[in-house]
Amino acid sequence: MPRFYVVCPRCQYGMDFAQTKIKVGDRIQCLKCKLNIKVTHIYIPEKYDAEFDEEIGVEPLITNGVEIESFLIKRDEILKRSFIQPLEDVVEPGETFTDDMTIGNEYISPIFDDINEGLFLLKNGLRKYNVFADERVAYQIGLFGTWFKDPAGVHIHIGLGEEGIGKEHAAALMIYIHDYLPFIMALCANSPIFPGRNNQPKLTSNASNRLLIYGNQQCKSITKEQIRLMKDDHWTEINYNAVRKDKPPTVEIRVLDSNIPEYIIAAVEILRVLTIAYLKGKPSPNVLSFSNYQKSRQSAARYGVRGSLYWNGKNLKMDKYIDKFFDEFHEEFEEEDLTAEILDIFKLAKLGWNNATIIKESIEAIKAIYSSKKFSWRKQFIARYNDAIASLLDGNNLIDYARLMYVELPDLKNIQLGKKHPF
Ligand SMILES: [Zn+2]
């Protein structure tokens with residue numbers, strides 16, 4: 001009878017199991033270092049060969065949860081500080097719809113440990129604002145980092161299974177992740193609208209007004225030295241949430257603008273890949289000085305994926321940066337079961353497209369179609385965004401989403417992610 005060997009991805013401790021005692025999807029704990037491990041695949045050769053052990057693919061169990069602050073859309077209007085809640089019977093265990101003090105709505109996702117499950121949960125959860133609202137009026141969730149004045153963000157939590165993440169790992173993981181935060185900011189920038197003349201909403205050239213205007217209050221930049229000291233400050237861009245009565249301790253990342261699920265999940269994916277690499281003990285391939293970090297952060301807020309980011313001492317355009325990221329972490333990406341829906345977000349970014357770009361292009365198209373004397377571009381745009389989000393949450397893809405806003409996304413057929421081992 002062959003034995004099945006599991007090697008802990010962190011401490012390399014080997015454990016053997018009888019064939020009948022292990023299957024794909026099982027969760028086990030390393031007997032030596034206590035890391036939670038997930039079985040991802042089992043490879044059985046066609047013929048039994050006493051020379052070889054059966055191979056088991058494993059990865060660390062990484063759990064994520066997402067909080068999404070958001071405005072509400074009612075037909076062609078953005079409502080602020082108004083809160084709705086779906087009917088109680090459609091709320092799933094672990095899912096919460098709360099009243100956020102500044103914006104109105106905050107959605108808290110159930111915890112997930114699989115990226116595709118995460119995308120499904122977010123779409124399904126946010127859809128409830130529209131489909132199961134306990135009101136006669138049709139509402140839609142208004143996913144913007146800012147619309148006009150108030151900032152709405154997305155917070156992503158990282159844990160290592162049900163017990164969350166211990167303080168001994170948190171600081172080192174946060175330092176590992178910190179150098180890549182500008183990448184997440186650029187990818188998820190989604191706040192081109194801000195007050196203009198006569199205090200009216202205006203399309204600005206900035207990708208994230210939320211970061212530029214409020215970045216120093218609600219998502220404060222910190223140095224790796226400050227992270228190492230683990231001072232508790234809730235308003236920093238990355239922080240440690242110590243254990244609470246109802247929640248395990250987690251690392252929290254607060255840099256994303258409020259955004260559509262595909263973008264949030266792409267950010268979760270970046271964080272998962274970095275967490276896998278950190279747990280394996282892989283040295284970070286990109287280490288930034290604080291001044292280069294600040295320059296990257298500023299470029300991400302100002303230009304989104306049309307800007308450039310530092311990789312070590314080198315300033316790279318987004319397409320080069322993304323290739324580098326996929327090449328350096330290709331093994332970790334391979335452990336994740338990525339679908340085109342998620343990979344396309346990175347391919348679009350290589351061509352300069354994120355949700356801030358889509359919104360800008362949509363408003364430009366609307367201004368070109370409708371006479372400004374008869375129509376307000378704002379009302380036209382909000383009505384289009386309302387329909388586009390509904391279509392996306394109903395399960396349609398990003399191409400349809402953009403088309404509903406008069407935007408044609410570029411063809412991704414020949415776009416690859418990474419040069420050495422392209423996806
Ligand atoms: Zn171990």
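I started with helix α4: Asn-216 and Gln-217 are exposed on one side (exposed means 12 or fewer other C-beta atoms within 10 Å of the residue's own, buried means 20 or more, partly exposed is in between, with C-beta atoms placed from the backbone). The model is predicted, so I kept in mind that local features need pLDDT of at least 70 and side-chain atom pairs 80 or more, while totals for chains, interfaces and linings use all residues. Numbering runs from 1 along each chain as its sequence is written.

Then I checked the other side of α4 (209–218), where Asn-209, Arg-210, Leu-211 and Gly-215 are buried. Down the axis these fall within an arc of 165°, so they line one face of the helix; the arc is that of directions from the helix axis to the C-beta atoms. Helices are DSSP runs (H or I, at least four residues), strands likewise (E, at least two), numbered from the N terminus.

Next I looked up the domains, whose bounds come from an automatic or database assignment: domain 1 is 3–60 and domain 2 is 64–403. Their C-alpha centres lie 35 Å apart. Eight residues from domain 1 and seven from domain 2 make the contact (C-beta atoms, placed from the backbone, within 7 Å). On the domain 1 side, β4 (36–43) and β5 (54–60) each supply at least two residues, and β4 gives the most, with three.

Last, I took α8 (318–328) and α10 (340–350), which pack at about 145° with axes 8 Å apart; axes are lines fitted to C-alpha atoms over the stretch in contact, and angles run from 0 to 180 degrees between N-to-C directions. Met-318, Asp-319 and Ile-322 of α8 meet Phe-346, Ala-349 and Lys-350 of α10.

Technical notes. Two residues are in contact if their C-beta atoms, placed from the backbone, lie within 7 Å.
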